[in-house]
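This report is a guided reading of one protein, to be followed with the sequence and the coordinates side by side. Please look at the chain as a whole before turning to the sections below.

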Amino acid sequence: MCCHSSKMFGFGDRRSPLQKFLVAVLLVFGVTVLCNAETVIDATPYLNPKSPTCGIQEAIDALPPEGGTVLLPEGRFPIECFIKLRSGVTLKGKGEKTVIAGGRNEKRASIAADAPSGSKVLAVSDASGFYPGQTVIVYENAKKKGASFHYMVESVDSKTKTITLGSTVGFTLKAGQTEVGFGLYALLAAPLKNGAVELAVTDTEPFHPGESIVLMGNSNSGRGGWGIEENIIEKVDAKAKVLTLKEPVWVSAFARVLVTHGYGGILAMGGREWGKPMKGAAVEDFAVEGWKGDIRPDIHHFFIGAVTFMECDDFRIRNVIVSDWHSDGISLQNCRDGRVEDSSATRTWGDGFHSGTASQRLTWERCSSTFNTGMPMLGTPGDGYFFCWENEGMVLRKCIFSDNAGAGVGRLGSSGGPLGDRNNTVEGCVIERNGKSGIELDGCAEAKNKIIGNTVRDNSRNDPGRYAGIHLSGGAGQCIIESNIVESRSVPPTQLWGIREETNAVKNVFRKNRIGPHASGGLVIQPASTSEENQVLQRRNRDDPLP
């Protein structure tokens with residue numbers, strides 16, 4: 001089709017009436033086709049608050065097979081289903097005023113009276129939302145993200161405001177501290193096999209056609225062997241208590257596994273078989289917001305980050321702002337040759353940024369990961385950047401990793417796999433006030449990772465006097481630590497060491513670092529490693545910058 005120009009409907013337009021009609025229809029639906037260029041769709045005509053994706057998925061699906069760009073206007077778009085990209089598709093907003101937001105949250109009722117471990121009858125602040133056969137989550141200490149377990153409601157007494165569970169609670173219940181969550185959950189009523197499209201569940205009330213679900217299957221099943229399934233509901237049969245899904249499931253699962261209304265944010269995933277990557281997908285210029293405060297959906301996995309790219313090549317993430325998500329901010333698994341630029345993640349209950357599953361040659365530039373808390377009880381430390389499973393050739397450049405519960409940059413080296421993380425570079429970053437070490441390097445005797453030109457200060461905030469600014473352990477080897485500023489200026493100081501190499505780290509090179517005074521030493525390295533031209537200050541005015 002010809003270019004869209006000022007002569008399209010005016011004098012000199014030589015197209016046939018049919019051609020003119022087709023162009024007019026495309027323009028009505030926000031579609032522009034440029035000569036020798038991609039299709040661009042204005043999403044505005046597709047936007048629909050009754051759609052689980054607010055119409056965004058419908059706009060993406062209107063693109064031709066080769067892809068194109070969907071332009072989102074300013075506005076807030078709550079979603080009840082992940083938005084799925086495909087090869088060649090760019091989703092682009094208008095900046096921070098274009099907000100893709102998590103949809104309905106779980107509901108909560110507080111425990112109204114203390115009860116001992118082993119209780120089945122719970123006094124709650126409000127019993128009106130409960131019903132027999134409902135699945136609920138009991139949170140031991142909701143404010144501190146303590147233990148949580150799911151139960152079935154056996155009966156409800158609205159007069160006494162009590163609910164009776166089908167099994168006993170394994171911890172003490174405290175009024176004003178313990179809470180009961182509901183509204184998003186059910187259980188599998190029968191075992192589930194890989195390839196099935198129907199789920200028998202104990203309750204269909206939380207689920208609606210077009211929305212997504214998440215369940216944790218058997219270990220080593222599903223994509224990547226992670227045991228997690230994210231899918232879309234095609235049909236709900238309330239009488240038979242069966243959910244029909246849009247696609248066959250990846251996982252196998254036992255009966256009584258928790259099934260939740262699912263939130264996956266933006267999802268780009270390659271083919272059902274490994275080795276068939278998605279190519280050329282991109283997201284730009286919008287925000288993804290979760291749920292502020294202490295109440296968020298009780299589902300946590302790196303597979304359902306606010307932005308998750310799985311087996312994608314040649315992709316781009318630019319100026320995407322993630323906040324308050326229930327899992328990781330941006331998660332990239334088995335991806336290659338992609339760029340993440342000018343993006344941020346803050347206040348997530350996962351790691352801010354997470355790359356792994358043999359990802360290669362990814363560049364993160366001018367990104368910010370701050371105030372991420374993780375879920376320590378579930379094994380997620382809340383790192384600013386978490387290296388996971390054989391990353392190679394990653395570059396973190398001019399980024400900020402600060403005020404996270406875990407490390408600023410965590411587990412670089414031995415994060416999994418026979419080879420570990422290798423040939424990665426962290427350069428020109430500011431890494432400060434994190435809960436653990438500023439940078440963790442471990443494992444992999446031939447890692448050859450490079451830590452160059454960073455400012456690392458005032459880390460170990462959650463456990464003052466325990467962690468180093470830069471910490472090498474677990475056999476980390478052949479790494480270069482060069483031209484970094486490492487200091488502890490807080491009062492009292494928090495970093496116990498500036499740079500610390502444990503005995504099992506080998507053959508690393510420490511060169512031209514400027515290190516302020518630390519209680520247990522500015523630079524502590526092993527005999528097999530090399531120290532060249534490092535400047536370690538013993539005493540100075542704490543308020544003065546390092547020379």
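In what order do the six strands of the open sheet that contains E8 and E9 stand, and is the pairing parallel or antiparallel?

## The sheet from E8 to E9

In this predicted model, the six strands follow the order E8-E13-E10-E11-E12-E9, and they make an open sheet with antiparallel pairing. The edges are taken by strand E8 (107-110) and strand E9 (121-123), and because each of these has a single partner strand, one side of each is left without a neighbour in the sheet. Averaged over the sheet, and with direction ignored, neighbouring strands are turned by 40 degrees against each other.

At the E8 edge, the partner is strand E13 (residues 179-182), which pairs with E8 in the antiparallel sense over four bridges. One residue pair that can be located there is Ser110, whose bridge partner in E13 is Glu179.

## The sheet from E14 to E15

A further open sheet of six strands, again with antiparallel pairing, runs in the order E14-E19-E16-E17-E18-E15. Its edge strands are strand E14 (185-187) and strand E15 (198-200), each of which pairs on one side only. For this sheet, the average turn between neighbouring strands is 40 degrees, direction ignored. Within the sheet, strand E16 (residues 212-216) and strand E19 (residues 258-261) run antiparallel and are joined by three bridges, with Val259 in E19 as the bridge partner of Leu215.

Strand E18 (residues 242-245) can be followed on both of its sides. Towards the edge, three bridges join E18 to E15 in an antiparallel arrangement, and the bridge partner of Glu198 in E18 is Thr244. Strand E17 (residues 228-237) also pairs with E18 in the antiparallel sense, over four bridges, and here Thr244 in E18 is the bridge partner of Lys235. E17 and E18 form a hairpin with four residues between the strands, in which Lys241 takes a positive phi near 55 degrees.

## Parallel pairing around E25

Strands of a sheet pair through backbone hydrogen bonds, either parallel or antiparallel, and the parallel sense is found around strand E25 (residues 316-323), which pairs in that way with strand E22 (residues 282-289) over seven bridges. In this pairing, Glu284 has Arg318 of E25 as its bridge partner.

E25 also pairs in the parallel sense with strand E27 (residues 339-341), over three bridges, and Arg318 has Glu341 as its bridge partner in E27. Three bridges likewise link E25 to strand E28 (residues 344-346), in the parallel sense, and in E28 it is Ala345 that stands opposite Val322.

## Nonpolar cores

In soluble globular proteins, nonpolar side chains tend to be buried together. In this model, the largest nonpolar core has 78 residues, and those with the most contacts inside it are Leu85, Leu91, Phe309 and Trp364. Leaving aside residues up to four places away in sequence, Leu85 touches ten named residues that can be picked out in the view: Ile60, Leu91, Ile266, Leu267, Ala268, Met278, Ala281, Ala282, Val283 and Phe309. A second core of 30 residues, separate from this one, includes Leu188, Trp226, Ile228 and Val257.

## A buried asparagine in a loop

Is Asn404 buried or exposed? Asn404 lies in the loop between strand E34 (400-402) and strand E35 (409-412), yet its relative accessible area is 2%, and because this is under 20%, Asn404 counts as buried.

The side chain of Asn404 is joined to that of Asn372 by a polar contact of 2.9 Å. Beyond the residues up to four places away in sequence, Asn404 touches Ser369, Thr370, Phe371 and Asn372, together with Gly382, Asp383 and Gly384, and also Arg433, Asn434 and Gly435.

## The chain as a whole

The protein has two helices and 49 strands. Of its 547 residues, 55% count as buried, and the protein exposes about 22,400 Å², of which carbon and sulfur atoms supply 53%. Among contacts with a separation of 6 or more, 68% are accounted for by residues 24 or more positions apart.

Methods
Residues numbered from 1 in each chain as written. Predicted model: local features only at pLDDT ≥ 70, side-chain atom pairs only at ≥ 80, totals over all residues. Heavy atoms only, no water. Buried < 20%, exposed > 50% of the residue type's maximum accessible area, 1.4 Å probe, protein only. Polar contact = N/O pair within 3.5 Å; in protein donor to acceptor, adjacent residues only side chain to side chain. Contact = heavy atoms within 4.5 Å. Pairing = 2+ DSSP bridges. Axes fitted to C-alpha atoms, helices over the stretch in contact; angles between N-to-C directions. Areas by Shrake-Rupley, 256 points an atom, 1.4 Å probe, with all protein chains shown as cover. Core = buried A, V, L, I, M, F, W, Y, C linked by side-chain atoms within 4.5 Å.
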